[in-house]
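Here is a note to read alongside the sequence and the structure shown below. Please keep the view open while going through the numbered points.

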Amino acid sequence: MKRSKGMQLGAMLLIFLVSASVPVSAYYYSGYRWLGASASYNWDSSTPSDWHSSVNNAANTWSNAGSQFRFSESSSSLNKIYKGSLGSSGPIAQTATNSLLSKLIYASITFNSDYTWSTSGQSGSFDVQNTATHEFGHWLQLGDLSCGYDSEKTMYAYESTGETKKRSLETDDIDGIKYIYGV
Ligand SMILES: [Zn+2]
């Protein structure tokens, strides 16, 4: 009895994995979203002012991707952009979100101040716009992709110094935001 139940469960799990494998290879979506297809952000004082245009460019890239979703910079926003220590072997940057009933109510980005940064794709430094575009993808609830064939996408999990290719979205990144927020 127990054994046949277990086998049934195994078969169901296998079917689920097979059917879920198609969207996962294109983009990953958590199932959460912003209620109004929009989110604002504001600067914490730890973020250098000469980074603002790079972060704005990253937000605008997603706003202009062809979906209903819009980012906006707002001095009254509680969603903050920080530069702070995440450790010398920690993540390059980190997005934090809070949600209520699967709707996002808060998000932040922290750029790791233990690494060196550039706004011009300088070799040896992480590029602010490159990183911000990826992190704003997490605000939208697109997840990290880590397969080799995902390496050109903005939501690819790994980043090199001097890299700028995540500044522009690939088809799968665009399909992701369109799927979540509509066109
Ligand atoms: Zn990521």
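1. In this predicted model, strands β4 (residues 80-84) and β6 (103-112) pair in the parallel sense over 4 bridges. Two strands count as a pair if DSSP finds at least two bridges between them, and both strands (E, at least two residues) and helices (H or I, at least four) are DSSP runs numbered from the N terminus. Within this pair, I81 has I109 as its bridge partner in β6.

2. Two conventions should be kept in mind, and the first is that residues are numbered from 1 along each chain as its sequence is written. The second is that, because the model is predicted, local features need pLDDT of at least 70 and side-chain atom pairs count only at pLDDT 80 or more, while totals for chains, interfaces and linings use all residues.

3. How confident is the predictor? The term pLDDT is the predictor's confidence in each residue, from 0 to 100, and the protein chain averages a pLDDT of 90, with 86% of the residues scoring at least 70. Over residues 1-24, however, the pLDDT is below 50, and beyond near neighbours in sequence this stretch has 0 contacts in the model, where a contact means that the C-beta atoms of two residues, placed from the backbone, lie within 7 Å.

4. The protein chain has 4 helices and 8 strands, and read along the sequence it follows the pattern α-β-β-α-β-β-β-β-β-β-α-α. Among its contacts with a separation of 6 or more, 71% are between residues 24 or more positions apart.

5. The strand β4 also pairs with β2 (residues 38-43), in the parallel sense and over 2 bridges, and here W43 has I81 as its bridge partner in β4. On the other pairing of β2, 4 bridges join it to β3 (residues 70-73), again in parallel, with S40 facing its bridge partner S72 in β3. Between these two strands the chain passes through helix α2 (residues 52-63), and this β-α-β crossover is right-handed, which is to say that, with the strands pointing away from the viewer, the path from the first strand over the helix to the second runs clockwise.

6. The strand β6 has further partners, including β1 (residues 33-34), with which it pairs in the parallel sense over 2 bridges; the bridge partner of R33 in β6 is K103. With β5 (residues 93-100) the direction is antiparallel, and 8 bridges join the two strands, A96 standing opposite S108 in β6.

7. What lies between β5 and β6 in their hairpin? There are 2 residues between the strands. In the loop between β5 and β6, L101 has a positive phi near 55°, although it is a residue other than glycine, and S102, in the loop between β5 and β6 as well, has a positive phi near 65°. A residue is buried if 20 or more other C-beta atoms lie within 10 Å of its own, exposed if 12 or fewer, and partly exposed in between, with C-beta atoms placed from the backbone; L101 counts as exposed because it has 7 C-beta neighbours inside 10 Å, and S102 is exposed because it has 11 other C-beta atoms within 10 Å.

8. Buried residues make up 29% of the 183 residues in the protein chain. The largest nonpolar core, meaning a set of buried Ala, Val, Leu, Ile, Met, Phe, Trp, Tyr and Cys residues joined through C-beta atoms within 7 Å, has 29 residues, of which A59, W62, F136 and L140 touch the most other members. The elements that give two or more residues to this core are β2, α2, β6, α3 (128-139) and α4 (171-181). Leaving aside its neighbours within four places in sequence, W62 is in contact with F69, F71, F136, L140 and I177.

9. Which residues of α4 are buried? They are D173, G176, I177, I180 and Y181. They lie on the same side of α4 because they cover an arc of only 100° around the axis, the arc being that of the directions from the helix axis to the C-beta atoms. An α-helix has 3.6 residues a turn, so residues three or four places apart point the same way. The buried residues of α4 pack against β1, α2 and α3, and after this helix comes G182, whose phi is positive, near 80°.
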